[in-house]
Amino acid sequence: MKAKVIITPKRAVLDPQGKTVQSALEHMGCAGVGDVRIGKYIEIEMDGDRETVEAKLSEYADKFLANPNIEDYRLVFED
Amino acid sequence: MKFAVLQFPGSNCDQDCVHVLRSVFGRPTELLWHKEYSVGDADAVFIPGGFSYGDYLRTGSIARFSPVMGAVKEFADNGGFVFGICNGFQILCEAGMLPGALIRNRSLQFRCEHVYLQTATHDSPFTGQIPEGKNLRIPIAHGEGNYFCDDETLQSLEDNGQILFQYIDAEGDLTDHANPNGSRANIAGICNEKRNVGGMMPHPERASEAVLGGDDGRLIFQSLIATLKTQPPLA
């Protein structure tokens with residue numbers, strides 16, 4: 001099974017990369033750009049059924065893949 | 001009085017730290033490889049700067065799971081003194097041994113320059129010997145030194161006097177302009193609530209000999225040495 005971990009900076013955390021890309025988009029003439037947030041995307045191949053993989057990955061995302069002080073994450077699964 | 005300096009793959013200020021402890025202060029100092037499971041008979045542990053594990057995933061996030069960090073955590077839980085410089089500070093935050101996190105500088109630039117610091121509390125093992133009113137001039141060299149914590153954590157840092165150092169300008173004023181990375185409350189260094197674990201982004205080991213253009217950093221090592229002299233070693 002393939003799992004995707006999508007990590008984003010928490011709302012309260014300043015995201016200087018996102019801000020810079022937002023202003024670059026505006027400078028390039030891309031109209032209507034709002035808030036831009038830049039995070040991380042991780043693909044993980046893992047054996048096991050969905051429930052097991054989800055439980056295991058949640059555990060490791062909480063303690064390692066994401067930092068709860070500054071980041072949120074969500075898991076997406078592909079069979 | 002013995003010191004240990006940790007070394008991870010990618011550490012690059014470990015030898016500077018060892019040099020200051022051994023040559024400037026004449027203290028026996030052991031370099032501890034990250035695969036060690038014990039801090040030995042060290043009375044205090046320094047976690048040096050650098051780019052442990054290439055800063056992959058997040059700065060300090062992989063180093064914190066190395067075997068030696070388990071030993072450092074146990075050492076600190078028993079009251080041992082631990083001080084992290086730059087990447088060492090990032091590792092201690094990732095390990096949850098210090099609150100908050102260090103994120104990308106707001107300018108997105110790697111900042112490598114001298115900064116001025118004010119000592120926010122002298123009531124810590126790391127700042128006790130810094131004269132009242134003395135502002136320190138110490139270099140920084142980091143891309144991810146922007147100290148972040150939530151409002152509640154910031155309040156508790158202030159209430160408990162856990163802020164060690166804050167960025168100021170050459171005139172001694174705490175301004176946004178003097179903040180090189182966007183840290184909340186201009187924070188450059190903090191300690192834990194028990195006050196035995198501390199960390200800072202600037203590099204005192206690079207400013208401990210006059211020949212290097214300044215020795216204000218000595219005061220931080222001196223503070224810890226003075227503390228260790230008055231405190232019995234851990235059983």
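B:L6 touches B:L32, B:H34, B:V45, B:I47, B:P48 and B:V68, leaving aside residues up to four places away in sequence. This leucine belongs to strand β1 of chain B, and B:L6 is buried because 28 other C-beta atoms lie within 10 Å, where 20 or more are enough to count as buried. Keep in mind that you are looking at a predicted model. From B:L6 we can work outwards to the sheet of chain B, and then visit chain A.

**Around B:L6 and its strand**

- One of the contacts, B:L32, sits 26 residues away from B:L6 in sequence, yet the two are 4.7 Å apart in space, C-alpha to C-alpha.
- Which strand pairs with β1 in the parallel sense over three bridges? Strand β3 of chain B (residues 44–47) does so, while β1 itself covers residues 3–7.
- Two residue pairs help you find this pairing on screen: B:V5 has B:F46 as its bridge partner in β3(B), and B:F3 stands opposite B:A44.
- The side chains of β3(B) are worth a look: B:A44 and B:F46 point one way from the strand, and B:V45 and B:I47 point the other way. These four residues are all buried.
- Two of them, B:V45 and B:I47, are among the residues that B:L6 touches.

**The sheet of chain B**

- As a reminder, strands of a sheet pair through backbone hydrogen bonds, either parallel or antiparallel.
- In chain B, nine strands form an open sheet with mixed pairing, in the order β2-β1-β3-β4-β11-β10-β9-β6-β7.
- Why is one side of β2 (29–33) and of β7 (136–142) left without a neighbour in the sheet? Both strands of chain B stand at the edges with a single partner strand each, so there is no neighbour on the other side.
- From one strand to the next, this sheet twists by 25° on average.
- Moving along the order, β3(B) and β4(B) run parallel and are joined by four bridges. Here B:I47 stands opposite B:G84 in β4(B).
- To get from β3(B) to β4(B), the chain passes through α2(B), and this β-α-β crossover is right-handed.

**Helices on the sheet of chain B**

- Helix α2 of chain B (residues 67–77) lies across five strands of that chain: β1, β2, β3, β4 (81–85) and β11 (197–200). The helix runs at about 130° to β4(B).
- Helix α3 of chain B (residues 87–94) also packs on the sheet, where it touches β3, β4 and β11 of chain B. Its direction makes about 120° with that of β4(B).

**A loop with two positive phi angles**

- Where does B:D55 lie? You will find B:D55 in the loop between β3 and α2 of chain B, and B:L57 is in the loop between β3 and α2 of chain B too.
- B:D55 has a positive phi of about 60° although it is not a glycine.
- B:L57, another residue other than glycine, has a positive phi near 65°.
- Is B:D55 buried or exposed? It falls in between: B:D55 is partly exposed, with 18 other C-beta atoms within 10 Å.
- B:L57 is partly exposed as well, with 17 other C-beta atoms within 10 Å.

**Chain A and its sheet**

- Chain A has an open sheet of three strands in the order β2-β1-β3, with antiparallel pairing.
- The edges of this sheet are β2 (40–45) and β3 (71–78) of chain A, each pairing on one side only.
- The average twist in this sheet is 20° from one strand to the next.
- How many bridges join β1 (residues 2–9) of chain A to β3(A)? There are eight, and the two strands run antiparallel. Within β3(A), A:D72 is the bridge partner of A:T8.

**Helix α1 of chain A and the meeting with chain B**

- Helix α1 of chain A (residues 16–27) has twelve residues and spans 16 Å from its first C-alpha to its last, close to the 16 Å expected at 1.5 Å a residue.
- Just after this helix comes A:G29, with a positive phi of about 95°.
- Where the chains meet, ten residues of chain A are in contact with 13 residues of chain B.
- On the side of chain A that touches chain B, α1(A) gives the largest share, three residues.
- That side of chain A is made up of six nonpolar, four polar and no charged residues.

Conventions. Residues are numbered from 1 along each chain as its sequence is written. Chains are lettered from A and ligands numbered from 1 in the order in which they are written. This is a predicted model: local features need pLDDT of at least 70, side-chain atom pairs count only at pLDDT 80 or more; totals for chains, interfaces and linings use all residues. Two strands pair if DSSP finds at least two bridges between them. Axes are lines fitted to C-alpha atoms, for helices over the stretch in contact, and angles run from 0 to 180 degrees between N-to-C directions. Two residues are in contact if their C-beta atoms, placed from the backbone, lie within 7 Å. The expected span of a helix is 1.5 Å times one less than its number of residues. Ala, Val, Leu, Ile, Met, Phe, Trp, Tyr, Cys and Pro count as nonpolar, Asp, Glu, Lys and Arg as charged, and the others, Gly among them, as polar. A residue is buried if 20 or more other C-beta atoms lie within 10 Å of its own, exposed if 12 or fewer, and partly exposed in between; C-beta atoms are placed from the backbone. A crossover is right-handed if, with the strands pointing away from the viewer, the path from the first strand over the helix to the second runs clockwise.
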